[in-house]
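Subject: Structure for you to look at

Dear colleague,

I am passing on the structure we spoke about, and below it you will find my notes on what turned up. Please read them with the coordinates open beside you.

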Amino acid sequence: MDIQRHQKAVALYPGSFDPLTLGHIDLITRAARLFDNLVVAVVENPSKHALFSVEERMAMLKENCSKFDNVEVDSFEGLLVNFAQRRNASVLIRGIRAISDYEYELQMALMNRRLQPDLETVFLLAGEAYSFISSRMVKEVFALGGDVSGLVPPTTLERLRLRIRKA
Ligand code: PNS
């Protein structure tokens, strides 16, 4: 699958987004500047327990991506490379926060390359201000009563309040 110069480059940013953080939004902003079209896709993984449903995670993304005219939100299950093919994506976007992310990301990128050699993984560096944020830690800190404002968009904060404080 050669990228023709006249074709628009579609990039795919997959993830769990459970929940969406400002780190994710930073990555989306950077990727949207680099590529003609960006598909942000929430994984539907029945074996992984998520706090938010796929619909809720997509809603959080849509609420925060409406300002970009080249960003679309979608979801997928099964192999990422198959979804990338269905969406005509030639690039996968993944964020690297610290060197500790690299090992897992490298493994995943090489596996995806083996499965689909024409699909390139592009690593983007999250902004320094976001380099310590992870969805897992946001959930833990919030559940224990810590302040996560400034780490997540207001829509995520509201959903966390409704979900965790209610429980
Ligand atoms: O935000 P995450 O949890 O780090 O995202 C991981 C994700 C969704 C990109 C990864 O788990 C994935 O691609 N899952 C789909 C199944 C698949 O294709 N697995 C093989 C890739 S190594």
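How many residues surround the ligand, and which are the closest? Please bear in mind that this is a predicted model. The ligand is surrounded by 13 residues, and the closest are Gly15, Ser16, Leu80, Arg94 and Met108.

Three of these residues place a polar atom by an oxygen atom of the ligand. In Ser16 an N or O atom of the side chain is 2.5 Å from a ligand oxygen, while for Leu80 a polar backbone atom is 2.8 Å from an oxygen atom of the ligand. Arg94 takes part through its side chain, a polar atom of which lies 2.8 Å from a ligand oxygen.

Leu80, Arg94 and Met108 appear again in the lining of the largest cavity, together with Leu92, Glu105, Ala109, Asn112, Thr121 and Phe123. The search of the whole structure finds 1 cavity of 30 Å³ or more, and the largest cavity holds about 40 Å³ of space. Its lining draws at least two residues from each of β4 (91–96), α4 (99–115) and β5 (120–125), with α4 giving the most, namely 4 residues. By character, the lining residues comprise 5 nonpolar, 2 polar and 2 charged.

Elsewhere in the chain, strand β2 (residues 37–43) runs parallel to strand β3 (residues 71–76), the two pairing over 6 bridges, and Ala41 has Asp74 of β3 as its bridge partner. Together with helix α2 (residues 54–65), β2 and β3 form a right-handed β-α-β unit.

With best wishes

Note on methods
Residues are numbered from 1 along each chain as its sequence is written. This is a predicted model: local features need pLDDT of at least 70, side-chain atom pairs count only at pLDDT 80 or more; totals for chains, interfaces and linings use all residues. Side-chain values use heavy atoms; hydrogens and water are left out. On a 1 Å grid over the protein atoms alone, a cavity is a set of points where a 1.4 Å probe fits but cannot get out, and a pocket is an open set with protein on both sides within 12 Å along at least five of seven lines; lining residues have an atom within 4 Å of a point. Grid points are joined across faces, edges and corners, and a volume is the space filled by probe spheres set on the points. Ala, Val, Leu, Ile, Met, Phe, Trp, Tyr, Cys and Pro count as nonpolar, Asp, Glu, Lys and Arg as charged, and the others, Gly among them, as polar. Two strands pair if DSSP finds at least two bridges between them. A crossover is right-handed if, with the strands pointing away from the viewer, the path from the first strand over the helix to the second runs clockwise. A residue is near a molecule or strand if one of its heavy atoms lies within 4 Å of it. A polar contact is a pair of N or O atoms within 3.5 Å; within protein, one must be able to donate a hydrogen and the other to accept it, and residues adjacent in sequence count only if both atoms are side-chain atoms.
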